[in-house]
Amino acid sequence: MGSYAMTGGATGIGAAIRKSLVSAGHQLIVVDVKDADINADLSTAEGRAEALAGIKARASDGLDGFIACAGVSGSVPVKPLIPSVNYFGSVELVDGLRDLLRTRRGSVVLIASNSAPMETRQDYVDALLAGDEAAARAIAEDTDGHPLYSGSKQAIARWMRRNTQSYAAEGIRLNAVAPGYTRTPMTESVASDPAYADAIKQFLDSIPLKRAGEPEDIAKAVSYLLSDEASFVCGSVLFVDGGHDAMLRPDSC
Ligand SMILES: NC(=O)c1ccc[n+]([C@@H]2O[C@H](COP(=O)([O-])OP(=O)(O)OC[C@H]3O[C@@H](n4cnc5c(N)ncnc54)[C@H](O)[C@@H]3O)[C@@H](O)[C@H]2O)c1
């Protein structure tokens, strides 16, 4: 059985990924702010260092895979959390685990979003890709949460694509999953607000498959990308969104 680590396994999509890996008999190390093997706050450099140290102490024989799933929505009140958790909490962990992943020719899945191609601030995405957390956080202070969220996910997908070749040279496959609207505590907090009920109904009706995603829909795609069935899939962004991205951007491929 394999040895895996992940972030964000406490609730929602991450909890479904956790359940599928554990029920398949794999060893799994979960990092989260709550209900985890390693309780660490990925919004800070100290928390990320703690997470890395904890994973390294528990998986000294290497990792078959790592899933970066922790994230916050565009509605969080403290907007600098969006770049720090979503982007730096993902890519810094992948980078920090590179040696362990190389040992077992591991597979990495980053959780992006089908909002990644949407309009955002390019200076913000540039700051993220440059690794300038202070600049990205400063931009976040005076920018609406939704472009910050989509920009953090665009940067994750682009970071993954930019790094695919160098990781592949060490036998590590990088891929991303881009979920569409998925029923989790993240979306439930908005869906339960009567002020948004109509807008959400219209949004769900616009999904070609006419339903919201379930956390298990995303977990199945992650399992595939981690597995040997996907041994030649490398550098891909897999949209798991009921056809929404294809509907919105039919000519992009
Ligand atoms: N639900 C959707 O519609 C949707 C769509 C696209 C992408 N996503 C992405 O999927 C991932 C999972 O989201 P979800 O919908 O399951 O939401 P969720 O809120 O249920 O899960 C997010 C997880 O991240 C953890 N987390 C948050 N801040 C953290 C921090 N500072 N340090 C460590 N852990 C932290 C939470 O505790 C939680 O376990 C996120 O990256 C999200 O952006 C979700």
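Begin by selecting Val33 together with the ligand: a polar backbone atom of Val33 is 3.5 Å from a nitrogen atom of the ligand, and, as with everything on this tour, the distance is computed from a predicted model.

Next, add the side chain of Asp32, where an N or O atom lies 2.6 Å from an oxygen atom of the ligand. Then select Lys153, whose side chain places an N or O atom 2.9 Å from an oxygen atom of the ligand. With these contacts on screen, show the surface of the protein around the ligand, which on its own has 820 Å² of accessible area, 92% of it covered by the protein.

Now widen the selection to the whole shell, in which 30 residues surround the ligand, the closest being Thr11, Ile13, Asp32, Tyr149 and Thr184. If you colour this shell by residue class, you should find 16 nonpolar, 10 polar and 4 charged residues.

Which helices should be highlighted as each supplying at least two residues of this shell? They are α1 (12-23), α7 (145-168) and α8 (185-191), and of the contributions to the shell that of α8 is the greatest, with 3 residues.

Keep the ligand in place and turn to the space that holds it, for the ligand sits in the largest pocket, whose volume is about 1400 Å³. To find the middle of the largest pocket, select Val72, Ser73, Tyr149, Met186 and Thr187, which lie nearest its centre among the 48 residues that line it.

Finally, colour the lining by element: α1, β2 (27-32), α3 (81-96), α7, α8 and α9 (197-205) each provide at least two of its residues. Here α8 again deserves a separate colour, as the largest share of the lining of the largest pocket, 5 residues, comes from this helix. A last colouring by class divides the lining of the largest pocket into 24 nonpolar, 20 polar and 4 charged residues.

How values were computed: Residues are numbered from 1 along each chain as its sequence is written. This is a predicted model: local features need pLDDT of at least 70, side-chain atom pairs count only at pLDDT 80 or more; totals for chains, interfaces and linings use all residues. Side-chain values use heavy atoms; hydrogens and water are left out. A residue is near a molecule or strand if one of its heavy atoms lies within 4 Å of it. A polar contact is a pair of N or O atoms within 3.5 Å; within protein, one must be able to donate a hydrogen and the other to accept it, and residues adjacent in sequence count only if both atoms are side-chain atoms. Accessible areas come from the Shrake-Rupley method with a 1.4 Å probe; for residues, only the protein chains shown count as cover. On a 1 Å grid over the protein atoms alone, a cavity is a set of points where a 1.4 Å probe fits but cannot get out, and a pocket is an open set with protein on both sides within 12 Å along at least five of seven lines; lining residues have an atom within 4 Å of a point. A molecule sits in a cavity or pocket if more than half of its atoms lie within 2 Å of its grid points. Helices (H or I, at least four residues) and strands (E, at least two) are DSSP runs, numbered from the N terminus. Ala, Val, Leu, Ile, Met, Phe, Trp, Tyr, Cys and Pro count as nonpolar, Asp, Glu, Lys and Arg as charged, and the others, Gly among them, as polar. Grid points are joined across faces, edges and corners, and a volume is the space filled by probe spheres set on the points.
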